[in-house]
Amino acid sequence: MNGLDMFDLTGKIALVTGATHGLGMAMANGLGAAGARLVINGNSSQKKIDDAVSVYTRAGYVADGYRFDVTSEAEVESAIEQIESDVGPIDILVNNAGIIRRIPLLEMPVEEWELVVKTDLTSAFIVSKAVVGRMVTRGGGKVINICSMMSELGRDSVGAYAAAKGGLKMLTRNMATEWARHNVQVNGIGPGYFATEQTRPIRADGHPFNDFIVSRTPAGRWGDPDDLQGAAVFLASAASDFVNGQILYVDGGILATIGKPGNE
Ligand code: GCO
């Protein structure tokens with residue numbers, strides 16, 4: 001295999017959780033453009049899933065949608081069984097589904113904390129457990145866990161999210177430790193600050209965070225969700241067959257620096 005062939009995903013089946021919108025949709029588009037057949041998951045409504053499937057189909061990709069709750073082991077197990085019998089064996093799993101609650105820790109109800117940790121961290125364990133058992137039997141596969149700046153950095157009001165995303169980074173390393181020998185490569189992508197629905201409230205014109213992020217990011221801008229496609233294709237493809245347990249930060253340089261460029 002040489003040149004661009006190693007990035008080719010033709011014939012591969014990719015399950016992307018939370019791929020009805022936002023970063024999940026951008027990464028699924030990248031995998032589709034590289035040739036993968038898409039299986040997308042959402043849990044808010046069947047209509048949202050159907051709408052997303054038509055977006056992928058119109059883009060020219062083969063896509064199927066499945067509604068299930070990634071935090072429920074029973075739902076996940078039966079959905080994975082269904083997907084593999086309807087569509088075929090899952091070669092690539094992207095654990096992308098997640099939520100955020102911006103509540104200072106001293107005001108955070110424990111129920112909200114648990115919901116965030118369950119959705120952003122425990123779900124990756126549950127879905128991977130169901131999918132990777134099957135990958136091991138078949139001789140290999142790829143898992144990509146979607147981490148965050150908050151896998152490395154704290155920020156006021158996002159304590160539960162940071163705890164979950166920091167945990168997801170270590171879960172990625174532990175999965176790599178246990179599964180590399182089975183030819184399952186597990187890695188993470190750590191998006192920086194991206195212009196999505198999730199960040200809309202803190203991107204609003206005049207919101208101090210908007211100016212802060214633009215000046216704190218060496219690239220000088222919010223990320224465009226499509227900026228994640230290259231990293232997703234790389235970690236889903238044979239090009240990363242000896243890459244295990246890494247987190248690839250796609251952040252315009254935030255983690256490389258302490259401050260804004262041009263500071264005296
Ligand atoms: C926040 C943001 C973050 C980003 C992203 C950073 O409030 O700090 O919403 O959580 O969305 O995860 O990588």
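Modeller: A polar contact is a pair of N or O atoms within 3.5 Å (within protein, one must be able to donate a hydrogen and the other to accept it, and sequence neighbours count only through two side-chain atoms). The model here is predicted, with local features needing pLDDT of at least 70, side-chain atom pairs needing 80 or more, and totals for chains, interfaces and linings using all residues. Numbering runs from 1 along each chain as its sequence is written, and side-chain values use heavy atoms, without hydrogens or water.

Biologist: Okay, which residue puts a polar side-chain atom 2.5 Å from an oxygen atom of the ligand?

Modeller: Backbone first: a polar atom of Pro191 is 2.8 Å from a ligand oxygen, and one of Gly192 is 3.3 Å from a ligand oxygen. Those are main-chain atoms. The side-chain partner at 2.5 Å is Gln198.

Biologist: And how much of the ligand's accessible area does the protein cover?

Modeller: On its own, the ligand has 330 Å² of accessible area (Shrake-Rupley, 1.4 Å probe). Of that, the protein covers 96%.

Biologist: Phi next: which residue in the loop between strand S5 and helix H5 has a positive value?

Modeller: Most residues other than glycine have a negative phi. The loop runs between S5 (141-146) and H5 (159-179), and the residue there is partly exposed at 22% relative accessible area (buried is under 20%, exposed over 50%). With phi of about 80°, that's Ser157.

Biologist: What is the relative accessible area of Asn183?

Modeller: Asn183 lies in the loop between H5 and strand S6 (184-191), and its phi is positive too, near 65°. The residue counts as partly exposed, because its relative accessible area is 40%.

Notes
Helix = DSSP H or I, 4+ residues; strand = E, 2+ residues; numbered from the N terminus. Buried < 20%, exposed > 50% of the residue type's maximum accessible area, 1.4 Å probe, protein only.
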